[in-house]
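Biologist: I'd like to learn how to read ring pairs and internal spaces in a model. Can you walk me through it?

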Amino acid sequence: MFSTPFVLSFALLLSLPLLFLLAPRILPPRHLPISLPDELDDLALFRRAALASLHSPQKSSVSHLGTTNPPPKIAFLFLTNSDLTFAPLWERFFKGNERLFNIYIHADPSVKLTPPGGVFTGRFIAGKKTKRASPTLISAARRLLATALLDDQSNAFFALISQHCIPLHSFRFVYHSLFASPHTDSSFSLTHWNRHGQVKYSSFIEILATEEGLWDRYTARGDDVMMPEVPYDSFRVGSQFFILTRRHSLLVIRDRKLWRKFRLPCLKKDSCYPEEHYFPTLLSMEDPKGCTHFTLTRVNWTGSTGGHPHTYHPAEVSPELVYRLRVSNSSYSYLFARKFSPDCLNPLMEIADTVIFRD
């Protein structure tokens, strides 16, 4: 008969390999860019938003007649680490359409900002510190999505906007473009009908599978770190800024599996842009046919430096620039554009009514 201490010692030896195998999945990784308290705060917010939407499912879709009571809204999610320099331009963009939109602003709390006032008053959410080339930007976007989902069941589209973004059309043009009956592009179906006769709109997010340097981006955290949840042939890249539907926004805040990988710190800083990978990869893996695979935010990558796109300056602002920025390779016009330097505000305001908002 084996003695009890012997049995226990033998069982412990057998369990050690299993412990090493399962520990990374059970215990949180060390040195995460996002603190445990911040992570727990986010999880609580995400759960509340998911539960609230679950209890009000009929309000989260738009009928095929294109009407609800109240009408469907666009949630504009501003992600910023500096003053909203272009607030006066956006103020003019929103004017007169108060029933059709909501605004939410995530600002880095470590940066002292000047409140923009106007329609932006009281629109700041509880923000956390953000850092470029880190998963904190993913967390900030998810935080905005969850807040908007929880705040208003009429929010149907969720547009992530940079502080360097400007509108290229009037609000009415943007609203009509997103909610109009989508029949203009035969290369993909922008909507499909569910069994209740409701329209399921598609998300406008760039999803690319064959970008240069994709392998370096995939292995930014280590050669095999993303496995098995994210195999290389499922890894995608895309624009940081997007317009998601309500169902895709819920999918994002409910995700735990991919987030466990994308929240890990990067070893190769020059190849690490988590915010450009997480959302395209997740949506491509979960619902590729529900996405257009292109963005409606125009960015000029010609002559980019250090991972930053071309920045427009006052001398470049003109009606011709606005017209050029609107043109896309799809049947949809670009709705927004970046990146503009703060001193572009005055020349943009000068052509706001005669060019930008005159569709």
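**Rings and cavities**

Modeller: Sure. Searching the whole structure, which is a predicted model, turns up 34 aromatic pairs. One of them is F94 with F101, a stacked pair with 4.4 Å from centre to centre and 25 degrees between the planes.

Biologist: How do I read those two values?

Modeller: Any pair of aromatic rings is described by how far apart the centres are and by the angle of the planes. Planes under 30 degrees apart count as stacked, so the 25 degrees of F94 and F101 gives a stacked pair.

Biologist: Are F94 and F101 buried or exposed?

Modeller: Both F94 and F101 are buried.

Biologist: And what about W215 and Y218, what kind of pair do they make?

Modeller: That one is tilted, because the planes sit at 35 degrees, with the ring centres 5.6 Å apart. Stacked needs under 30 degrees and edge-to-face needs over 60.

Biologist: Where do W215 and Y218 lie?

Modeller: Both are in helix α6, residues 214–218, and they are three residues apart, about one turn of the helix.

Biologist: How buried or exposed is each of them?

Modeller: W215 has a relative accessible area of 44%, so it is partly exposed. Y218 has 3% relative accessibility, so it counts as buried. The cut-off for buried is under 20%.

Biologist: Let's move to empty space. How do you find it?

Modeller: Roll a probe the size of a water molecule over the atoms, and you see where empty space is left. Here the count is three cavities of 30 Å³ or more, and the largest cavity holds about 60 Å³ of space.

Biologist: Which residues line the largest cavity?

Modeller: The lining is E39, D42, L43, F46, S139, R142, D255, R256 and W259. Two elements, α2 (36–55) and α4 (136–151), each give two or more residues to that lining. The largest share, four residues, is from α2.

Biologist: How many of those lining residues are nonpolar, polar or charged?

Modeller: Five are charged, three are nonpolar and one is polar.

Biologist: Do any of these names come back elsewhere?

Modeller: Two do. R142 and W259 are among the lining residues, and the charged end of R142 also sits over the ring of W259, 5.1 Å from its centre.

Biologist: One last residue: where does R247 lie?

Modeller: R247 is in helix α7, residues 246–254. With 23% relative accessibility, R247 counts as partly exposed. Its C-alpha atom is 9.4 Å from that of S202, though R247 and S202 are 45 residues apart along the chain.

Conventions: Residues are numbered from 1 along each chain as its sequence is written. This is a predicted model: local features need pLDDT of at least 70, side-chain atom pairs count only at pLDDT 80 or more; totals for chains, interfaces and linings use all residues. Side-chain values use heavy atoms; hydrogens and water are left out. Rings of Phe, Tyr and Trp (its six-membered ring) pair if their centres lie within 6.5 Å; planes under 30 degrees apart count as stacked, over 60 as edge-to-face and the rest as tilted. Buried means under 20% relative accessible area, exposed over 50%, partly exposed in between (1.4 Å probe, protein chains only). A charge sits over a ring if NZ of Lys or CZ of Arg is within 6 Å of the ring centre and within 35 degrees of the ring normal. On a 1 Å grid over the protein atoms alone, a cavity is a set of points where a 1.4 Å probe fits but cannot get out, and a pocket is an open set with protein on both sides within 12 Å along at least five of seven lines; lining residues have an atom within 4 Å of a point. Grid points are joined across faces, edges and corners, and a volume is the space filled by probe spheres set on the points. Ala, Val, Leu, Ile, Met, Phe, Trp, Tyr, Cys and Pro count as nonpolar, Asp, Glu, Lys and Arg as charged, and the others, Gly among them, as polar.
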